[in-house]
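Let's take a stroll through one protein chain and see what sits inside, what sits outside, and which charges pair up. Have the structure open while you read.

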Amino acid sequence: AQAASFGPNRHSISCALLAPRGLERVAMSFQKQIVIDCRGHLLGRLSSIIAKELLNGQQVVLVRCEDVNMSGSLYRAKLKYANFKRKKTNSNPRHGPFHQRAPSKIVWRTIRGMVPHKTARGAASLDRLKCFEGIPHPFDRKKRMVIPAALKVLRLRPERKFCKLGDLSNLFGWKHQELIQRLEGQRKVKSEAFHKKKVASQRSRTASVKKVKVSAEDQKVLEAAGFA
């Protein structure tokens, strides 16, 4: 399920996926660090896949956490979060539980709930996770991946209601939604300019390669080296 409609810098992870029906689950190929663009992913499905990869030793960076989707209307999500906010330690509320407002912190806590975080292995796995709103430097210059098994367009029926995590956070006291939108707007302008420059460079290179004439002797050398 390669997702081609997610822009030039978002690539599909063909690993760590619950593949479409009838196909086996494929293990994520281990990499030094994987940057995942959370836009358009369902919160629970994304979190469960990431939790398993963290426990397996993979380093994961989640960007654009404010654009994570949740199934159900915003009103329903608001009721659930209001109910969660009521839960506190009666004798001293400062002992927890703590109700995070920022989208990146909500995603982090959701993943923490799927990891045995009170053991050494679980604590070490959470240390391998980073969550951000927007796409800060240097992750704006790295290849970003998507997880098809967690994408809303592939996992949620089109008539079903959904909402964004950023909108829920904004209702409950997250104060940086406008700031993130402004910074993201600036980043997208730079990203588009870079992409156009890259495409033009590739086209000119392809055109120049076609124009080059290679002698018969050089052609044999190239073929021997595997560049034919």
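## Helix α7 and its surroundings

The buried residues of α7 pack against β6 (144–146) and α6 (165–171). Keep in mind that this is a predicted model. Which residues of α7 are the buried ones? They are Q177, I180, E184 and R187.

How does the span of α7 work out? With 35 residues at 1.5 Å a residue, α7 should span 51 Å, and its end C-alpha atoms are indeed 51 Å apart, so the two agree.

S208 also has its place in α7. Its side chain reaches the backbone oxygen of R205 at 2.8 Å, and S208 is partly exposed, with a relative accessible area of 37%.

Just past α7, V214 lies in the loop between α7 (177–211) and α8 (216–225). V214 counts as partly exposed because its relative accessibility is 41%, which falls between the limits of 20% and 50%. Together with V212, L222 and F227, V214 makes a nonpolar surface patch of about 380 Å².

## Charged pairs

The count comes to five salt bridges. Here are some of them:

| Pair | Closest N to O |
|---|---|
| D67 and K164 | 3.7 Å |
| R157 and E159 | 2.7 Å |
| K196 and E192 | 3.6 Å |

D67 and K164 link distant parts of the chain, 97 residues apart. D67 is buried at 15% relative accessibility, whereas K164 is partly exposed at 37%.

K196 and E192 are four residues apart in α7, so about one helical turn separates them. K196 is exposed at 54%, and E192 is partly exposed at 46%.

Notes:
Residues are numbered from 1 along each chain as its sequence is written. This is a predicted model: local features need pLDDT of at least 70, side-chain atom pairs count only at pLDDT 80 or more; totals for chains, interfaces and linings use all residues. Side-chain values use heavy atoms; hydrogens and water are left out. Patches are made of residues with over 30% relative accessible area and no salt bridge: like charges are joined within 9 Å, nonpolar side chains (Val, Leu, Ile, Met, Phe, Trp, Tyr) within 5 Å. Accessible areas come from the Shrake-Rupley method with a 1.4 Å probe; for residues, only the protein chains shown count as cover. A salt bridge is a side-chain nitrogen of Lys or Arg within 4 Å of a carboxyl oxygen of Asp or Glu. Helices (H or I, at least four residues) and strands (E, at least two) are DSSP runs, numbered from the N terminus. Buried means under 20% relative accessible area, exposed over 50%, partly exposed in between (1.4 Å probe, protein chains only). A polar contact is a pair of N or O atoms within 3.5 Å; within protein, one must be able to donate a hydrogen and the other to accept it, and residues adjacent in sequence count only if both atoms are side-chain atoms. The expected span of a helix is 1.5 Å times one less than its number of residues. Contact means heavy atoms within 4.5 Å.
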